[in-house]
Amino acid sequence: MKLGYLNSLQNHLLQRLYPPFNPFNLSSKLIQTATKLSENPETNPLLTLSKKDNFGFGPIFLPYLKLLSKCNSTKSLTPGMQIHSHVIQFGLTKDPKIRNHLINLYAKCRVFGYAWNLVDESPEPDLVSWSALISGYAQNGLCKEAILAFLELHFLGLKCNEFTFPSVLKACTATKDLELGKQVHGIVVVTGFDSDEFVANSLVVMYAKCGQFGDSMRLFDAIPDRSVVSWNALFSCYVQSDCYEEAVELFHGMVLGGIKPNEFSLSSMINACAGLGDGTQGRKIHGYLIKLGYDSDPFSMNALVDMYAKVGNLEGSLFVFNEIAEPDIVAWNAAIASCVLHENYDLALELFGQMKRLGIHPNTFTLSSTFKACATLGLKEFSRQLHPSLIKMNVEPDSFVVVGLIDMYSKCNLMDDAKLVFKLMPNKDLISWNAVISGHSQNEEDREAVLLFSLMYKEGVGFNQTTLSTVLKSVASLQENNVCKQVHVIILKSGFERDSYSVNSLIDAYGKCGIVEEAARVFKECPVMDLVAFTSMITAYSQYGQGEEALKLYLEMQERGIKPDSFVCSSLLNTCANLSAYEQGKQVHVHILKCGFMSDVFAGNSLVNMYAKCGSIDDADVAFSEIHERSIVSWSAMIGGLAQHGHGRKALQLFDQMLEGSISPNHITLVSVLCACNHAGLVSEAKKYFESMRMSFGIEPLQEHYACMIDILGRAGRLNEAMELVNKMPFEANGSVWGALLGAARIHKNVEIGQQAAERLLDLEPEKSGTHILLANTYASVGMWENVAKVRRLMRDSKVKKEPGMSWIEVKDKVYTFIVGDRSHARTKEIYAKLDELGDLLNKAGYVPMVEIDLHDVERSEKEKLLYHHSEKLAVAFGLIAIPPGAPIRVKKNLRVCVDCHTAFKFICKIVFREIIVRDINRFHHFKDGSCSCGDYW
C-alpha cells in the first residue's frame, strides 16, 4: 500500500472511532428489565430453556452460541444484551467464539462502543472480530469508519480474508474512493483471494460504480466460473449508472451462455427497460418472469408496475398491480405514481383512498404523488386533509416532500398555507425557496415573488436559472423596468449570461416591459440563438408595433435552419395581423400546414384573427371552419372579425350558434357582439344584449361594454340617453367612454355634450391630441372658428402634438409606410403622377374635395392639395402601380379614415375596377363598385 496515503490517515488512527467504555457491568435489575423488554418470540423460549437446563449444572456455552446466532440473524439487541450479562456471570467472555458473536451483534445493531470494548478485551488481535466490526460499519452506511477500521487492522498486521474484503470494498464503493479500492485490490491479488467469487464480485462492483467500466468488465471476464450472482452484480452497476442498453446486452449474453436468470436479474432488466422506455423489451422480460415462476416475487412485480407506466402503458401497469395478491406500500406507491405520471389524477386519488381503507398507512413517497395529484386538480379541502397525514407519521420529512406540500398549496391558491409551511421549515434550501417564489408568481402575487427573491438574495441562499426565470416572469407582469435591469445585473455578476434559459427569460421580460431595444441587445449577445430566444424576440417586436423587425427576424431564423413551432407561428400571425400583411400571413399559414400545426388551437385562433385583420373575412371563415375544437377564443375572434367587417347580422347569428353549442361567452365575446351591433346600427339588439349580460351570462359590464353602448346610442343620435347611461355607470367613466361620447357629439354637432366630454378627457388624458382634434372638429362643424383657434392655441401652449396619420400597405412581402405628404419612397414620382391622374378622373366622375374638414388656415387650393396627399391616398396610389391588376388593395391606417378619403375611395374603386380594403382604428371598409361596406356609418 502507498505509505503517503496511509500516513495521511495516521491521525485518525491515533484516536479510537468510539471511546472505550467502562467495563461491562449489568446488574440483576438490568437483567430483569432486559427480560421484560425482550420482544422476539423466537429468542425468548431459547433463553428460558438456557436458564432451566444450564444454570444448575455449570456453564455450558454451546446454547449461548446458538442464542447469539439467533439474535444476530434477527438483530435482536435486547435479548443479546441479556445473554451478554449471563456470559459475564459465568466467565465465558474470554471464549473467542462467544466474543465474536457479541461483536457481530453490537456492530449490526450500531452499538459500536460495546463492540470496540469487546475487541479491546481480546488478548490478541482476532481477524473474525475485526471483520465483524468492519462489516457492521459497512452495512450501516458508516463507510468512512469502516475504512478507518480496516486501516487499523492493516497496521496491526492482520491479513484479510474472503469475509473482510467484500466489506472493505463496499465501503470504498460507497465513498467512491477509487485510490484505496485499487490498493485493496492489490492486497487481494497478493493474498490470492481474487479467485473467490464474492471478492471478485465486490471488485467488479467497486470499479463500475467508480466509473471504471473497462476495468470492471476485465475483472468480470477474468472470473472463471461466473454464477448468476456475478452477473447480477454487473447488471446492477450498469442500471444504476443509467447504462441501460449495455445492461440489456449483457443480460442477453448471460442467457445465451446458458445461465438461468433469477428474480434479481429480472428486476434489474425491468428497471433497464423502464429507463430505456422500451415496452417491447419490457414485455419480453415480463414473459421470462412468468416462465421462470417469479411472477409472485414482490420486488419484480413492483418493478413491472413502474416499468409499464414509464413506457407509456398505464393499463399494463394497473393490470400487473391488480395481479399482486397482497400489494405492499411499495406496490401502492408505484401504482399511484403511475397514474400521476399519466395525468390520471382522479384515479390516483381513488387508489390512495382504497389503500387507506385497507389499513395501509401512506409514507412520504405516497404523499409526494398524492400532493401532485391534488395540486393539479386544485382540491383545496382534500389538500388540507393530506397535511395531517404527513404530521402523523412522526418522522422528519425530507425537503422533497415539503416542497411538494408547498407546491400543492400554491396550485390550490392557498398561499397562506404554503407560506406557513415554508416558514416552519428548519432548513430552507434553494428548491424550497424556488417553490414558494413560484407559488406567488403562479397566483399573480408578483410583487411578493420579487420581494421574496430580494430577501433570498440578501440572505445569500443562492439561486439558479429556475429562480431567475420565475422572478423575471413576475417582473414582466409588473412591468417593473428598473427591477428588470437589476435582475439583469445579477445575471451578469453571477455568470448566468452564458445560460440560455436565463437569457431567454431576460429577453422575454425586457420585451414585456416594453424595453425592446434592451431585449434586442441581449438577444444579439445570446450565447445560443435557439428557437426560444427567437420566439421571445419576435413576440417582443410584435407586441410593441415593430412588426417589420419581427418579420426580418423570422427570415433570419429560417436562414439559420431553425424550424418554427406553433408559438412562433402564432406570434408571426399576430404581427401580420397588426401590419395587415396579408401575403406574409399566407406564407406563415403555409408553414403551419407543412409543420402540422393546424391542430394547435392557438395557431388556428391566430389564423382567424390574422385573416380578419388583413381584410379577408372569407379566409378567416375558412380558417375558423378548420378548427376542430373551438374554444371561446376561436368564437370571439370570428365574431369580432365579422363585426369589424360590417357583417353585424352574421356576427350575431354566429353568436347564437355558439350559445346553442353550450359555450358560454366571456367579456371579450360580448364586446365583439356590441361592436357588431354598433357597426350595423342595431341599437335595439345592442340594448337587449347589454341589459341581459348579468342575467343571461353572469358577466358584469366593464368600461369597454359601457363605451360600446354609449357609442351605439351616440351614433344613433340618442345623445341624451347616452349621457344618462354615463351617469348611471357604477364606476367613474374612463377615457374610452368619454371619447365615444365626444365622437358622437362631433357627428351630431352637439357642442354642449362635446365640450363636457372634452373637459373630462383633458383631465384624464391631457397628453392625447385626439381630444383636441375632435373638439376642434365639433366647433368647426357648427362654424365656431374662434373656438377652433382657441383649441389649436391650447394644443400649442400645452405642447400637445397631433398624432400623425400613418398608413401601411404590403407589396411583394414587404410592408411600406406612408405619412401625409410623404416623399421618401423610392417611387415617389410615380405615386404622385398616379394621384394627379386619379385627380382628373375623380373630377370628371363628380368628386368634390371636402375642404371644410381641413382646419389649416390656408387657401382652398392648398387645402385640396393637403387632402390629396393624405397617407391613405398615397398608399392606395402606390398599390395601384405596384400590385397586379385585379388584386385587391389592402391598406391599414392608425387613425379613423377621414370623410374625404372615404368619399374619394368610393369613386376610385369604381374608376379603376379594383376592390380597396381599408382598415382604420375602428373597423374595415370594403370599397367596391362605388360603395363602402360600412354604408357610410362608421
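**Helix packing, nonpolar cores and two loop residues**

Helices H42 and H44 are roughly antiparallel to each other, a term applied to angles over 145 degrees, with those under 35 degrees counted as roughly parallel, 65 to 115 as roughly perpendicular and the rest as oblique. The model is a predicted one, in which local features need pLDDT of at least 70 and side-chain atom pairs count only at pLDDT 80 or more, whereas totals for chains, interfaces and linings use all residues. Residues are numbered from 1 along each chain as its sequence is written, and side-chain values use heavy atoms, with hydrogens and water left out.

H42 (residues 683-691) and H44 (residues 703-715) pack at an angle of about 155°, and their axes are 10 Å apart; helices here are DSSP runs of H or I with at least four residues, and axes are lines fitted to C-alpha atoms over the stretch in contact, with angles from 0 to 180 degrees between N-to-C directions. In this pair, Val683, Ala686, Lys687 and Phe690 of H42 meet His705, Tyr706, Met709, Ile712 and Leu713 of H44, where contact means heavy atoms within 4.5 Å. The residues of this contact comprise seven nonpolar, one polar and one charged.

A second pair, H27 (residues 430-442) and H29 (residues 465-478), packs at an angle of about 20°, with the axes 10 Å apart, and H27 is therefore roughly parallel to H29. On the H27 side the contact is made by Leu430, Asn434, Ile437, Ser438 and Ser441, and on the H29 side by Thr466, Thr467, Thr470, Val471, Lys473 and Ser474. By class, three nonpolar, seven polar and one charged residues form the contact of H27 with H29.

The largest nonpolar core, a set of buried Ala, Val, Leu, Ile, Met, Phe, Trp, Tyr and Cys residues joined through side-chain atoms within 4.5 Å, has 208 residues, and Ile406 and Met408 are among those with the most contacts inside it. Helix H15 (residues 228-240) gives the most to this core, with eight residues. Apart from it lies another core of 52 residues, including Leu105 and Phe165.

Two residues other than glycine have a positive phi: in glutamate 444 the value is near 60°, and in lysine 749 it is about 55°. Glutamate 444 lies in the loop between H27 and helix H28 (446-458) and, at 69% relative accessibility, counts as exposed, whereas lysine 749, in the loop between helices H46 (735-747) and H47 (751-764), is partly exposed at 49%. Buried means under 20% relative accessible area, exposed over 50% and partly exposed in between, with a 1.4 Å probe and protein chains only.

Methods: Nonpolar A, V, L, I, M, F, W, Y, C, P; charged D, E, K, R; others polar.
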